[in-house]
Every structure is written in C-alpha cells, then in structure tokens.
Amino acid sequence: MKVSSKDWIDRDSKRVWHGFTQMSTYGDLEPVIVERAEGHYLFDVDGNKYLDAISSLWVTTLGHKVPELDQAVINQLGCIAHSTLLGNGSKIVIELSEALAKVVPVKSPHFLYASDGANAVEQALKIAFQYWKNLGIDNRETFLALGDSYHGDTMGSVSLGDGGFGTNLFDPLRFQVLRTPGYLQPNWLEIALEAVLEVKDRLAAVVFEPVCQGAAGMYMASPQDVKTFVEKCQELELLAIADEVATGFGRTGEIFASTLAGIAPDIMCIGKGLSGGYLPISATVASGKVFEAFLGPDLSQKTFYHGHSYSGNALSCAVSLAHLELFSKLEIVRKVQETSLYLAEILKGKIADHPLVKEIRQVGLMVGVEVQHNGYLKGQLGRIICKCAVSNGVLLRPLGDVIVLMPHLTFGKKEIDEMTDALLISLNSLDNSL
Ligand SMILES: Cc1ncc(COP(=O)(O)O)c(C=O)c1O
C-alpha cells in the first residue's frame with residue numbers, strides 16, 4: 001500500500017465511523033479511499049482506477065460526473081440550495097413532482113420528500129397507519145412484510161425488515177409485523193395470500209420489494225406473482241406499499257419494478273437512483289385515494305404531522321429533474337434491456353459453470369452470484385472474492401456469499417466484460433487454492 005493511502009486510512013480510522021463496518025479492523029482491510037471519479041471509474045488517493053461495479057451502493061445510474069447533472073447542480077446553486085417545504089413551496093420541487101408524476105405507476109400521485117430510502121419507508125408506514133385512523137377505522141394497525149426483506153435501518157424500517165445484517169440485537173425495539181416467507185420460497189404467494197385473508201381486517205398495509213429482494217441476496221419473484229399478490233390485496237381494499245428504493249429508476253429493465261409487474265401500488269417508496277446517485281433524496285409517493293384521506297380542517301388531526309429538515313432540498317431536486325430528463329433522452333430503459341441480455345449471456349458462458357458458483361440470479365442489471373462457501377465461514381468467501389476483484393481494479397461488495405453485480409445503467413459491453421473478467425479471475429484464484 002502506498003504512503004498516501006496509508007496516511008488517509010489512518011486519518012479515516014481515527015475520525016470517521018463507517019456504517020456496517022467493524023472499525024477495529026477497517027484499516028487492516030485496505031479500504032479504497034476515493035478522491036474523484038470519471039464516468040464509470042473511481043480513482044483513489046494514489047490515482048488507482050476502479051470500475052464502479054456496485055453503482056456506489058446501487059445509487060449511481062448514468063455514471064459519475066455526468067456533464068448535464070453537474071450543470072443542473074451548478075445552475076440550481078445560482079438560484080438557491082435549500083428552503084423548507086414545511087408550510088411553503090419551492091419551484092424546483094413542483095417541477096420535479098410534475099415530471100415524476102408522468103412516470104410513477106401510482107394513480108394521481110403525491111410526493112412527500114425525505115433524504116434516504118429508510119425514511120421514505122418510515123413515512124410510508126406512518127401514512128398507511130394514519131390513513132385508516134383518518135377514515136375512522138381503528139383496528140388496522142398491523143403490517144404484513146415478507147421474509148428476507150430489507151427496508152432500511154431506521155426502527156420502523158428495521159421492524160419491517162426480516163433481520164440479519166447484525167440487526168437482531170434490536171429485536172426488543174422492533175414492532176411486531178405479520179411475516180410470511182419471501183421470494184426464496186417458491187409458494188410465497190399462496191402463503192402470503194392465505195395470511196392476508198385471515199387477518200385482512202387488522203392489516204394497515206402489505207409491504208414488499210417488487211420482483212427483487214435486493215439486500216436479501218437478489219431473490220427474485222416472477223412479475224406475474226407480484227401482480228397477483230397486489231391485485232388480490234387491493235381487491236380486499238388493503239393498501240399495497242411497494243418499496244422501490246433499490247429497484248426504481250431502470251435497474252430491472254423497466255423504469256420501476258412495479259411497471260414490470262403491471263401494478264399500481266397505493267404507496268411507493270423511491271430513493272437511491274432518483275438523483276442518479278448525486279445527492280441524497282427519497283420520496284414516498286401516495287396515490288390520490290391515500291392523499292385525500294388526509295384532507296380536513298386546518299390544524300385538524302387528519303394532518304400528517306411528519307417532516308424532515310431537508311425534505312425537498314432544491315439541489316437534490318434539480319439534479320433529480322435533470323436526471324429524469326436525461327433518462328428519457330438517452331432511452332435508458334431500452335439500453336438496460338439490451339445490456340442485461342448481454343450480461344446474462346456473458347454470465348452463462350463465463351461464470352455459471354464455475355465450480356464455486358451455486359446460482360446466478362438476475363433481473364435487468366441487478367445480479368447476485370451466489371458462491372458455495374464450503375470450507376469457509378459463511379460470508380467469508382464473498383469477501384475474499386470481492387477483495388480480489390478490487391485488487392484487479394473492479395469495485396465489488398458482497399452480501400454474505402452473494403457477489404452483487406450492480407453496473408451503472410450506461411455500462412457498455414466493454415465494462416460488462418471488465419466486470420465479469422475480474423469476477424472470473426477472483427473465482428479462479430480461489431479455486432486453485434481450494
Ligand atoms: C429495498 C430497500 N429499501 C430501503 C433501503 C434503505 O435505503 P437507504 O440506505 O437509502 O436508507 C434499501 C437500501 O438498500 C433497500 O434496498
């Protein structure tokens with residue numbers, strides 16, 4: 001390791017607390033200290049170049065330093081960086097909301113902004129809970145959530161999530177949800193629908209990640225099953241909350257996974273790719289039916305008493321609007337559909353038959369390559385493989401023993417080849433040492 005990165009890592013370890021990271025060993029694991037980026041590549045403090053094959057934790061869509069997105073931030077800085085949405089409006093927020101309304105699959109959508117995916121979920125929970133109270137129905141206080149689901153790290157979203165990632169410690173703080181199996185179980189749909197029928201009068205909402213349970217390790221459901229699930233729930237007048245924080249903005253080969261499944265959720269959570277990976281912004285999208293249940297006299301209890309300081313941040317909204325425009329201009333959805341076919345072909349030819357590979361799961365450009373952890377502690381092999389890929393110039397990060405491939409939506413064949421070559425080299429280096 002060069003002097004420069006060693007020095008930065010020392011300074012980092014002394015002052016920064018990294019999430020999901022054991023800080024006592026952080027420095028020993030040779031983390032990459034990023035200084036700048038160009039297109040699909042990150043550069044560290046020593047000038048080493050890495051292909052960003054995890055889209056900076058699934059947020060970057062079109063690449064880094066996209067001229068139009070850079071310019072949108074600069075232009076907005078010339079107007080205003082931030083003003084509050086509590087009680088007052090903001091021009092750029094109105095423009096973004098109008099543009100989003102044209103693409104979200106929610107009927108007559110209304111947008112409540114926050115900064116992270118977890119907070120979009122938190123807002124969704126509280127909206128669904130209050131919705132029934134506002135209608136004068138008191139007993140609908142339970143949520144149905146799926147096994148293996150992940151919805152973020154605030155206590156409400158942790159309660160909806162199925163644990164793991166070291167969060168079991170917080171079990172005493174979790175509120176109870178009705179949990180039915182996730183997409184890994186082939187009959188998840190039948191079990192969920194049975195449970196829904198049993199307790200429908202107590203349910204505030206059903207919450208799910210449409211088509212792909214990402215953080216679980218890329219577990220997939222057929223879009224048709226998701227459609228059946230949502231439609232049956234909606235027939236029973238239940239609220240369907242689609243958490244599209246990971247799947248939104250093109251990842252699955254449609255602009256939203258809900259679009260892929262052909263559903264119209266009552267509430268949808270968006271985040272991550274909303275700003276193209278530029279600035280923190282998320283939103284809870286409520287249908288007209290849900291929104292209207294909150295209308296009433298001024299200062300009445302029907303009001304949604306919830307808000308965040310940076311809700312509707314003008315810089316974040318400006319870049320999100322420019323991102324949405326570019327998304328359509330560059331025909332990103334079509335591009336993802338093409339690139340994902342190429343990626344599937346390459347994975348089949350190069351990776352699928354490798355002796356260390358147990359299964360490959362893919363929808364659009366969201367991929368999980370599960371490796372056999374024989375002889376290793378659970379999760380250890382995933383880390384070793386990704387570390388090897390990083391040393392070969394491709395930034396990967398595992399979820400346990402699932403190697404996640406989350407390319408920018410604008411990766412070309414060259415970058416897809418580079419990403420999968422690095423994975424193959426890592427697998428081979430381990431295979432030889434087994
Ligand atoms: C489906 C889903 N919901 C919510 C979140 C939480 O988002 P954030 O990390 O922005 O709080 C994530 C993060 O990976 C996610 O995958």
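Between domain 1 and domain 2, 13 residue pairs are in polar contact, counting pairs with both residues at pLDDT 80 or more. That confidence filter applies because this is a predicted model. Salt bridges are absent from this boundary: the count between domain 1 and domain 2 is 0.

Now place the two domains on the chain. The domain assignment gives domain 1 two segments, 32–62 and 332–433. Domain 2 covers 67–329. The C-alpha centres of domain 1 and domain 2 lie 27 Å apart. Domain 1 brings 25 residues to the contact, and domain 2 brings 26 residues.

Next, the area of this boundary. Domain 1 and domain 2 bury about 2,100 Å² between them. Carbon and sulfur atoms account for 68% of that area. On the domain 1 side, three residues stand out: Trp58, Val363 and Met366. They supply 28% of the area that domain 1 buries against domain 2, more than any other three residues. Trp58 falls in the segment 32–62 of domain 1, whereas Val363 and Met366 fall in 332–433.

Turn to the ligand. Its surroundings include Asp116, Gly117 and Ala118, then Tyr150, His151 and Gly152. Glu209, Asp243, Val245, Ala246 and Lys272 are also around the ligand. This shell divides into 4 nonpolar, 3 polar and 4 charged residues.

Three polar approaches can be followed atom by atom. A backbone N or O atom of alanine 118 lies 2.9 Å from an oxygen atom of the ligand. Aspartate 243 places a polar side-chain atom 2.7 Å from a ligand nitrogen atom. Lysine 272 has a side-chain N or O atom 3.2 Å from an oxygen atom of the ligand. Taken alone, the ligand exposes 390 Å². The protein buries 83% of that area.

Definitions and conventions. Residues are numbered from 1 along each chain as its sequence is written. This is a predicted model: local features need pLDDT of at least 70, side-chain atom pairs count only at pLDDT 80 or more; totals for chains, interfaces and linings use all residues. Side-chain values use heavy atoms; hydrogens and water are left out. A residue is near a molecule or strand if one of its heavy atoms lies within 4 Å of it. A polar contact is a pair of N or O atoms within 3.5 Å; within protein, one must be able to donate a hydrogen and the other to accept it, and residues adjacent in sequence count only if both atoms are side-chain atoms. Accessible areas come from the Shrake-Rupley method with a 1.4 Å probe; for residues, only the protein chains shown count as cover. Ala, Val, Leu, Ile, Met, Phe, Trp, Tyr, Cys and Pro count as nonpolar, Asp, Glu, Lys and Arg as charged, and the others, Gly among them, as polar. Domain bounds come from an automatic or database domain assignment. Contact means heavy atoms within 4.5 Å. Buried area is the accessible area (1.4 Å probe) that two parts lose on being put together, summed over both. A salt bridge is a side-chain nitrogen of Lys or Arg within 4 Å of a carboxyl oxygen of Asp or Glu.
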